[in-house]
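Thanks for making time this morning. I would like to take you through one model, beginning with its charged pairs and then turning to a helix packing.

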Amino acid sequence: MSVQTKPVNQRAWFLILPVILCVAFSAILPLMTVVNYSVQDILGPDRRVFVGTEWFAEVMRDEELHSALWNQLRFSLAVLAVELPLGIALALAMPAAGWRASVTLVIVALSLLIPWNVVGTIWQIFGRTDIGLLGHGLERLGIDYSYTGDATQAWLTVLLMDVWHWTPLVALLAYAGLRSIPDAYYQAARIDGASKLAVFRYIQLPKMRGVLMIAVLLRFMDSFMIYTEPFVLTGGGPGDATTFLSQYLTQKAVGQFDLGPAAAFSLIYFLIILLFCFVLYNWMQRLGQAEKEGASHG
């Protein structure tokens, strides 16, 4: 008997060629340009000197970078600590079906439709003590509030602004996870007489793990790259209280025109985000695996 082999059609590569070209022009080529700048000293349009890893060493010794990195880590961890529980609580409180659910989803998603620079402008006005509702209200309560003059208040205002802007994203993801749980699980819980806390602990939270993992990664990456909102609201001040890594990078590249150090730091910045996302993803995967094994043994 003769064995027939299926012919290989290489023309299928043409179907993904547009995607390859888009990725090449939007990611690969700019990245290679940054790598090229990170190992050179740009003296002029036609004068460049190869310096190796000198810019990387200089950037890592920069005290301003250390301060910006500390601000960034505190901010990103605070964002996750506040927005995840708040988003889950909001999703649990939202109606499950009917016209109320549709109206609630639209209202919750409104802040996500506002451009980032507009969000900064809104909170810039909102925090003013003369015309802003937040600033004037705190002043009437006897609180000396000034997000432009007090470092702690500026940092908390930026955090509150981010919570207001992005908690709905976590809520919508958690809501989608809740709606995907079959009613049979709730019926079994009612038969067993499980409390609301038990239902959340053993039914809702495990079933939401996938969407919560997406929420953690999205919010961490976005908060770690935040730039527009704090730049519009505080300009990185007072001092360097709200100067995050993206603003530090912009100051290097655009403000001081130090292309070599800026390119070196942008690569370090990229690797930091990649490393933290990898650690978070693996930690959540191991946590979910450990709970599955514990449930199977139980």
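**Salt bridges and a helix crossing**

In this predicted model, Asp162 and Arg219 form a salt bridge in which the closest N and O atoms are 2.6 Å apart. The pair links distant parts of the chain, since Asp162 sits in helix 7, residues 151-179, and Arg219 in helix 10, 57 residues apart. Both ends are buried: Asp162 has a relative accessibility of 3%, and Arg219 one of 2%. Salt bridges with shared partners bring Glu83, Asp162, Arg219 and Asp222 together into one network.

Two members of that network, Glu83 and Arg219, also appear where helix 3 meets helix 10. The axes of helix 3, residues 63-93, and helix 10, residues 209-224, come within 9 Å and cross at roughly 145 degrees, and the crossing is right-handed. Among the residues in contact are Leu73, Phe75 and Val79 from helix 3, and Leu212, Val216 and Phe220 from helix 10. The contact residues comprise twelve nonpolar, three polar and two charged.

How many salt bridges are there in the model? The count comes to five, and one of them joins Lys252 to Asp62, with N to O at 3.7 Å. Because Lys252 lies in helix 12 and Asp62 in the loop between helix 2 and helix 3, this pair ties together parts that are 190 residues apart in sequence. Lys252 is buried at 11% relative accessibility, as is Asp62 at 15%.

Arg128 and Asp130, by contrast, form a salt bridge at 2.7 Å whose partners are partly exposed, with relative accessible areas of 37% for Arg128 and 48% for Asp130.

Definitions and conventions
Residues numbered from 1 in each chain as written. Predicted model: local features only at pLDDT ≥ 70, side-chain atom pairs only at ≥ 80, totals over all residues. Heavy atoms only, no water. Axes fitted to C-alpha atoms, helices over the stretch in contact; angles between N-to-C directions. Helix = DSSP H or I, 4+ residues; strand = E, 2+ residues; numbered from the N terminus. Left-handed = near helix turned anticlockwise from the far one by under 90°. Contact = heavy atoms within 4.5 Å. Nonpolar A, V, L, I, M, F, W, Y, C, P; charged D, E, K, R; others polar. Salt bridge = Lys/Arg side-chain N within 4 Å of Asp/Glu carboxyl O. Buried < 20%, exposed > 50% of the residue type's maximum accessible area, 1.4 Å probe, protein only.
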